[in-house]
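Got your viewer open and a selection box ready? Let's walk through this one stop by stop, picking things out as we go.

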Amino acid sequence: MLALASCGAGAGDGAVAVAIIGTPAGMFDDGVRLAPAAQLLRGATHEGLVALDQSGQVVPAIAERWIVSDDGLSYIFRLRDSSWPDGEEITAPEVRDQLRRTMARLEGTSLALDLGNVREIRAMTGRVIEVQLTAPMPDFLRLLAQSEMGLTRGGSGAGPMAMSRGEGDGNARLSALPPETRGLPARQDWEEVARPIAVRALAAGAAVEAFARGDVDIVLGGSIVDFPQATAIAGPLSRGTVQVDPTVGLFGLTVRREAGLLSDPARREALSMAIDRQALIQAFGLGGWRENSWIVPPEAFAAPTYGQDRWAGASIDERRRIAAARVDAWKGPGRAPVVRLALPRGAGSDILFRQLAEAWATIGVTTRRAAPGEPADLELRDVLARYVSPVWYLNQFNCRLGAGLCAPAADALVRQAQATRDPARREVLLAEAHAALAQSEVYIPLGVPVRWSLVRGTLGNFQPNAFAFHPLFPLSQPTT
């Protein structure tokens, strides 16, 4: 099977064949809460002012260049000389209006919270736009590069690729637009070197099998839920077909209900204390994974005020003794220490459930798996960071999102931090916000998210990166 997987491209017509783990319907989502597959398609067809390249770095897109004021409160973008698909020129007033509408639609999402310092967007000339901030946002360009910030006109974007859809099959075909249509220097051999992209959404098992058969060149969007399928069919990591991203983000358990055993923060902490995080991941045979017992990892701060281990080096046995005592003190007539855990379906989820159930059994807690649609006490949260800052982590638990238990005091401190122009004061406020959130025990951290791809060795322009975002456009480009 591995020998077969080393053969040529699966599309058969020179196209790069891409399988994204997900559903066909999810691949064509159109809104402000995009599935990962939809993020990739949106990013390929709807550029924003800036974009992310294959290494996860910010690069020019509709804006060909920009300058930032010394105080970090003004970003001035010069648009390249390009057009919409209907031939109309892309102008600063239209970009301004679209950005305003997009930010209004984002209300109620964590991305809107991240962009909370945007004060004004204005067109200075026909091709120059300025975004003014109330306080500096070090990661502002990365936020503008998110797929949700892509610009559209009449349902179509300005590239860098054009998309056509198959009749009823849920597939998409992407063609890279010639550089001159995007305001860039022409390339004479463009049609010979720019490969089309054939994209389909598949369930994890079907995607891995398609890769093994040679039907697809790359599989994107794998997570820990389906990681065992990748290693079982594609072979050990040392073979090089499985690429695991060095991710940042949240991978842990959100507390959904403050009731019963979980009605007290100390008992919620007991569940966290009982987990041997390295043993948990060893069951997957995955090396290099980074565990975390804090909501915000210490390295996200410029000057961390706490160590990597939340429990100051206490052994797992010592932690479990403390946790078991808290559970025992709660037990009584009619009080059974049971937690219901919601996990997505998949072989990886089955392993994760067994590991957590075994850990919690050591402190006298029974774990039951919640059926789809059944109320749960705890729910898996597995989300990639858009940027590396305490603000991103803290905003994920904002009370306005309704994603589980929250801490209003932490939200207030984050708002103060985002409003200040003093970097040192900002760090202090964010550390205080994290302390308030951690004390509320609204979340049980496990570590970093797991994201994997299957990549054929002959395919260029793929790079693992911290944000596990692998844009489709670079896959169409020559490597030299």
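Start by selecting helix H10 together with four strands: H10 lies across strand E13 (249-255), E14, strand E16 (378-384) and E17, and runs at about 15° to E17. Keep in mind throughout that this is a predicted model.

**Stop 1: the five-stranded sheet**

Now show the whole sheet those strands belong to. In what order do the 5 strands of this open sheet come? Reading across, you get E15-E14-E16-E13-E17, with mixed pairing. Look at the edges next: strand E15 (366-369) and strand E17 (443-447) each have a single partner strand, so one side of each has no neighbour in the sheet. Turn the view and you can follow the twist, as neighbouring strands are rotated by 30° against each other on average, direction ignored.

Zoom in on the E15 edge. Strand E14 (residues 338-342) runs parallel to E15, and 4 bridges join the two. To see one of the bridge pairs, pick Leu341 and its partner in E15, Arg369.

Then slide over to the E17 edge. Here E13 and E17 pair in the antiparallel sense, over 4 bridges. Select Leu253 and you'll find its bridge partner in E17, Ile444. Is E17 enclosed or open to the outside? Of its 5 residues, 5 are buried, so the strand is largely enclosed by the rest of the structure.

**Stop 2: helices around that sheet**

Add helix H13 (residues 347-361) to the view. H13 lies across E13, E14, E15, E16 and E17, running at about 160° to E15.

Go back to H10 and bring in a helix partner. H10 (residues 265-273) packs with helix H12 (residues 316-330) at an angle of about 145°, and their axes are 9 Å apart. The crossing of H10 and H12 is left-handed. To light up the contact, select Ala266, Arg267, Glu269, Ala270, Ser272 and Met273 on H10, plus Ile316, Arg319, Ile322, Ala323, Arg326 and Trp330 on H12. What kind of residues make up the contact of H10 with H12? They divide into 7 nonpolar, 1 polar and 4 charged.

**Stop 3: the four-stranded sheet**

Clear the selection and find the open sheet of 4 strands, ordered E4-E5-E7-E6 with antiparallel pairing. Strand E4 (63-68) and strand E6 (118-125) stand at the edges with a single partner strand each, so one side of each lacks a neighbour in the sheet. From one strand to the next, the twist averages 20°.

In this sheet, strand E5 (residues 74-79) and strand E7 (residues 128-133) are joined in the antiparallel sense by 5 bridges. Pick Phe77 and you'll see that its bridge partner in E7 is Ile129. Then add helix H4 (residues 92-105), which lies across E5, E6 and E7 and runs at about 165° to E6.

**Stop 4: the nonpolar core**

Phe77 also leads to the next stop. The largest nonpolar core has 145 residues, and Phe77 is among those with the most contacts inside it, along with Val18, Trp360 and Leu472. Which helix gives the most to this core? That's helix H16 (residues 423-440), with 7 residues.

Centre on Leu472 and show what surrounds it. Leaving out residues up to four places away in sequence, Leu472 touches Val18, Leu40, Leu41, Ala44, Met161, Leu174, Ile197, Val199 and Leu220.

Now select helix H3 (residues 36-45), where 8 of 10 residues are buried. The buried ones include Leu40, Leu41 and Ala44, which you've just seen touching Leu472. Among the elements covering the buried residues of H3 are strand E1 (16-21), helix H2 (24-27), strand E8 (161-165) and strand E9 (172-176).

**Stop 5: backbone oddities**

Hop to the loop between helix H6 (140-144) and E8, where you'll find Pro160. The peptide bond from Gly159 to Pro160 is cis, with omega near 15°.

Finish in the segment after strand E18 (451-455), where Asn461 sits. Asn461 is not a glycine, yet its phi is positive, near 65°. At 21% relative accessibility, Asn461 counts as partly exposed. Ala468 is also in the segment after E18, and this non-glycine residue has a positive phi of about 50°. Is Ala468 buried or exposed? With a relative accessible area of 15%, Ala468 is buried.

Technical notes:
Residues are numbered from 1 along each chain as its sequence is written. This is a predicted model: local features need pLDDT of at least 70, side-chain atom pairs count only at pLDDT 80 or more; totals for chains, interfaces and linings use all residues. Side-chain values use heavy atoms; hydrogens and water are left out. Axes are lines fitted to C-alpha atoms, for helices over the stretch in contact, and angles run from 0 to 180 degrees between N-to-C directions. A crossing is left-handed if the near helix is turned anticlockwise from the far one by less than a right angle, and right-handed if clockwise. Contact means heavy atoms within 4.5 Å. Ala, Val, Leu, Ile, Met, Phe, Trp, Tyr, Cys and Pro count as nonpolar, Asp, Glu, Lys and Arg as charged, and the others, Gly among them, as polar. A nonpolar core is a set of buried Ala, Val, Leu, Ile, Met, Phe, Trp, Tyr and Cys residues joined through side-chain atoms within 4.5 Å. Buried means under 20% relative accessible area, exposed over 50%, partly exposed in between (1.4 Å probe, protein chains only). Two strands pair if DSSP finds at least two bridges between them.
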